[in-house]
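Dear colleague,

I am passing on the structure below, and after it I set out what was found. Please keep it open while you read.

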Amino acid sequence: MFEALDQIFVTLKHEAVGFSPDAWRPFVSALISISFIPLVFATLFAFVTVFERKGIGRIQNRYGPNRVGIPLTKIRLCGFGQFIPDGIKSLTKEDVVPYAADQVVHFLAPVVLLIPVLLAYAVLPVGRNMTAADFDAGLLFFFAVGGAVELSVFMAGWSSHNKYSLLGAMRAIAQMISYEIPLILSAVTVIMIVGSLKLADIVAAQNQYTHGLAHWFVFTPWGLAGFILFFIASLAESNRSPFDLPEAESEIIAGYFTEYSGFKFALFFLGEYLGMFAISGLGITLFLGGWTAPFSFLTWVPSYLWFFAKLIALVFTFIWIRATLPRLRMDQLMNFAWKFMLPLALVNIVATGLWHFMGAGSLRWVVCSALIFGSYAILGWGLMQNQKLGKRTYRYAE
Amino acid sequence: MSLPFVIIAIVTLFAAAAAMSLRNLVHCALSLVVALAGLAALYLTLDAQFVGFAQILVYVGAVAILIVFAVLLTRSDATPNQTILSPGWGIGIVVSAVVFATLGWATLNSTGLSKETPPAPIATVKNIGDLLMTQYVLPLEVIGLLLTAAMIGAVIIAMKEEPFSNPSRSRGNEAHLSTKLEPPHVGSYGSDKEGGRS
């Protein structure tokens, strides 16, 4: 029965495809797979916007939205209906385009942002047998379409003809290019171990259990280091705090989308959140076992529930970090990427190679952990020496 | 010729023409991106997944950003007001037509065309990876070494802090800096160590 529940969406899709005439079947099958991606993840987006506001509210010791529930009823749902008026508001607001803006590019930028972000979902396995398009080079596809996001950010910033927009776009591109390198290098470790770029194979490699504990890559020294590097880089790639310099409200208003209003602004918002979900989904697939259960006695829980539970847990961590850490400075951001994360990612690749060739046993745990944590300590110590931080001194009013 | 090929070809050619003829440099760069993405789509229709994705990753993700950045950093966005065609455009057309005709003639008469087309090779990612690791391992290693060296070199160049934190050079500036820029007890960083500011 659990088996049937796990595969319920796959079975339903097969049934639905079976109703259509033979010639149309591939088309109908693709259409069903595709149409669920915007549906499910846009719903998740609506949920997460409220969840984030409430979460940050809690951390900052205030309530957050708690009024709006189901419209025209008295049911409040703890304020989780807030996204409905938000959506109506953004749809009905005036769309202001600056006089000096480059009309065509200004119009195209939010569209160009949304297309690659939605394409990236095509390769994510959200459950057992639930991938829209399982390419052989799925991981490469994900990173390839991710590269187009930078272009849309540039288009938005440049076409607005506004100094804040341009500054935001420059910051965004510099940041995205810098953090893409540790992002990809930390993902390379998984490819080295699995020997495949196909995301289904990567999940299958983690779907084994010893003593009831899953073989997730995050439970190995290189996997843990890789996951932390990947997570930090994905924070930066999705422009989330503390890496939200491109849209720093207190410095450059809203960065590259200063000049966007109404529904175009909502599209940027949507694109940013969908990008965050996509990259979290990739992190889950690479290091956290995808749709697999953490313990063997929990394998009866449907696979898609595991995926979305992990996704929400990761998104909650994003929100938690946003509410906790202050924004970095530009030079700190660059230094962190190039002097700390990049060398560590390279060391991690070496450690993964050692792990692969040393064979099973406890020795490789010691060697790999020593290599990674040793280089982490030395690098951190060396960079702190460079900072020349003296004793903190204070000046008080006389 | 299939319908996808026709659509992709028209879009690619149109974008390439736009990249040559538009007045605003950023518009040209963006049309070039469309042309490059069209090429990637052509590779994908030929079942060359790896090449197609690599084309997007390298050209759309990296080269296009580089071009756009270079345009942005070097040019003001005032469009130049000379005409798009240079005075010698007529001669240019003649020369390019002659070159094209020669190339076309050579291609049509070459022995390559008369051969039977070989059966399409099975180019999965795994095959490409196997070949890279066996037959072409030396070029791959050389390129890998070169790129890693370049990356580490870039990091080492960036490792140097601002000139005045270098002890040998900052000696002379120290007094000046501490009086002009930094009143002794302002801010949270003590400058008690040798080597000056921060």
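I begin with a single residue, L44(B), which lies in helix α2 (residues 25–45) of chain B; helices here are DSSP runs of H or I with at least four residues, strands are runs of E with at least two, and both are numbered from the N terminus. Please bear in mind that this is a predicted model, in which local features need pLDDT of at least 70 and side-chain atom pairs count only at pLDDT 80 or more, while totals for chains, interfaces and linings use all residues. Residues are numbered from 1 along each chain as its sequence is written, and chains are lettered from A and ligands numbered from 1 in the order in which they are written.

L44(B) is partly exposed, because 18 other C-beta atoms lie within 10 Å (20 or more would make a residue buried and 12 or fewer exposed, with partly exposed in between, and C-beta atoms are placed from the backbone). Leaving aside residues up to four places away in sequence, L44(B) touches Q49(B) and G52(B), where contact requires C-beta atoms, placed from the backbone, to lie within 7 Å. L44(B) and V68(B) are 24 residues apart in sequence, and their C-alpha atoms are 26 Å apart in space.

The helix that holds L44(B) also packs against helix α1 (residues 3–21) of chain B, the axes of α1(B) and α2(B) coming within 8 Å and crossing at roughly 155°. Axes are lines fitted to C-alpha atoms, for helices over the stretch in contact, and angles run from 0 to 180 degrees between N-to-C directions. The two helices, α1(B) and α2(B), are therefore roughly antiparallel (under 35 degrees counts as roughly parallel, over 145 as roughly antiparallel, 65 to 115 as roughly perpendicular, and the rest as oblique). By class, the contact of α1(B) with α2(B) has 15 nonpolar, four polar and no charged residues; Ala, Val, Leu, Ile, Met, Phe, Trp, Tyr, Cys and Pro count as nonpolar, Asp, Glu, Lys and Arg as charged, and the others, Gly among them, as polar.

As a whole, chain B has seven helices and zero strands, and 12% of its 198 residues count as buried. Of the contacts in chain B with a separation of 6 or more, 49% are between residues 24 or more positions apart.

Chain A, for its part, has 14 helices and two strands. The radius of gyration of chain A is 23 Å, close to the 21 Å that the globule rule gives for 398 residues, so chain A is as compact as a globular protein of that length (the radius is taken over C-alpha atoms, and the rule is 2.2 Å times the number of residues to the power 0.38). Of the 398 residues of chain A, 42% count as buried, and residues 24 or more positions apart account for 75% of the contacts in chain A with a separation of 6 or more.

Two helix pairs in chain A were also examined. Helix α6 (residues 138–159) and helix α7 (residues 163–194) of chain A pack at an angle of about 170°, with their axes 8 Å apart, which makes α6(A) roughly antiparallel to α7(A). The residues of that contact between α6(A) and α7(A) divide into 14 nonpolar, three polar and one charged. Helix α3 (residues 25–59) and helix α12 (residues 303–324) of chain A pack at about 40°, with their axes 10 Å apart, and α3(A) and α12(A) are therefore oblique to each other.

With best wishes

Notes: Contact = placed C-beta atoms within 7 Å.
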